[in-house]
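Student: I'd like to learn how to read the aromatic rings in a model like this one. Could you walk me through it?

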Amino acid sequence: MAKVQVRVKAVSEATNQPDVYMMLLQEVEGKRLLPVLIGKAEAQSIIVAMEHIGMTRPLPHDLIITLAAECRAKLSYVHIYRKDFQLFYSYLVFNQDERRIVIDARTSDAIAIAVRTSAPIYVEEEIIGAVTFLDMTKRGKSAPLDTLSDDELQRRMTKAAEREDYELASKYRDELRRRAAPPENADSGECAEK
């Protein structure tokens with residue numbers, strides 16, 4: 001079967017289900033998108049890795065990478081090989097010396113590990129070919145902050161604070177403050193009308 005390489009394009013809260021997030025995978029050499037529903041913990045782990053947010057203690061996905069390294073194994077790639085309704089099935093494919101190790105994993109966990117190690121992610125053509133989805137990056141957590149409106153930043157900051165995700169809330173707050181600050185080269189005199 002043919003495999004298509006994908007990357008994580010965005011992760012955002014699913015609007016109709018609490019504590020459920022949608023991760024969008026996009027073809028590396030194309031525009032097709034594959035939506036994958038994931039849990040809150042996995043979504044936050046992926047976002048932390050994508051945005052290079054430093055943590056004081058290792059997350060479970062970091063521990064897996066450390067354990068593999070201690071065993072001289074390196075993640076070669078992630079393979080999303082099957083879809084059954086809304087459930088995706090994946091393999092973590094490691095190389096250890098001359099040995100290939102294939103481990104069954106939840107897709108969200110496999111991708112959280114792949115993002116941390118920059119390992120490629122592949123999906124079967126028949127899976128991505130059967131699913132069509134329109135771009136939603138304007139709502140995605142990984143969308144650049146400067147593309148979000150002030151109202152959207154305020155909404156996200158409030159939701160992040162309610163979830164006690166203060167690091168993310170502070171990013172939104174800082175962007176709002178940056179926008180509210182006068183430009184560095186602004187004249188301190190009165191404004192002239194045009």
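Tutor: Happy to! Let's begin with burial: a residue counts as buried when its relative accessible area is under 20%, and as partly exposed from there up to 50%. Keep in mind that this is a predicted model.

Student: Is Y77 buried or exposed?

Tutor: Y77 has 15% relative accessibility, so it counts as buried. Y122, by contrast, is partly exposed at 23%.

Student: How many aromatic pairs does a search of the whole structure find?

Tutor: The search finds 3 aromatic pairs. One of them joins Y77 and Y122 in an edge-to-face arrangement, with 5.6 Å centre to centre and 80 degrees between the planes. Y77 sits in strand β4 (residues 73-84) and Y122 in strand β7 (residues 121-124), so this pair ties together parts 45 residues apart in sequence.

Student: And how do I recognise a stacked pair?

Tutor: Look at the angle: planes under 30 degrees apart count as stacked. The planes of Y81 and Y91 are at 10 degrees, with ring centres 4.0 Å apart, so that pair is stacked. Y81 belongs to strand β4 and Y91 to strand β5 (residues 87-96), 10 residues apart. Y91 is partly exposed, with a relative accessible area of 29%.

Student: Which residues form one aromatic cluster?

Tutor: Y81, Y89 and Y91 do.

Student: What lies over the face of Y89?

Tutor: That is R82, at 4.3 Å from the ring centre of Y89.

Methods:
Residues are numbered from 1 along each chain as its sequence is written. This is a predicted model: local features need pLDDT of at least 70, side-chain atom pairs count only at pLDDT 80 or more; totals for chains, interfaces and linings use all residues. Side-chain values use heavy atoms; hydrogens and water are left out. Rings of Phe, Tyr and Trp (its six-membered ring) pair if their centres lie within 6.5 Å; planes under 30 degrees apart count as stacked, over 60 as edge-to-face and the rest as tilted. Helices (H or I, at least four residues) and strands (E, at least two) are DSSP runs, numbered from the N terminus. Buried means under 20% relative accessible area, exposed over 50%, partly exposed in between (1.4 Å probe, protein chains only). A charge sits over a ring if NZ of Lys or CZ of Arg is within 6 Å of the ring centre and within 35 degrees of the ring normal.
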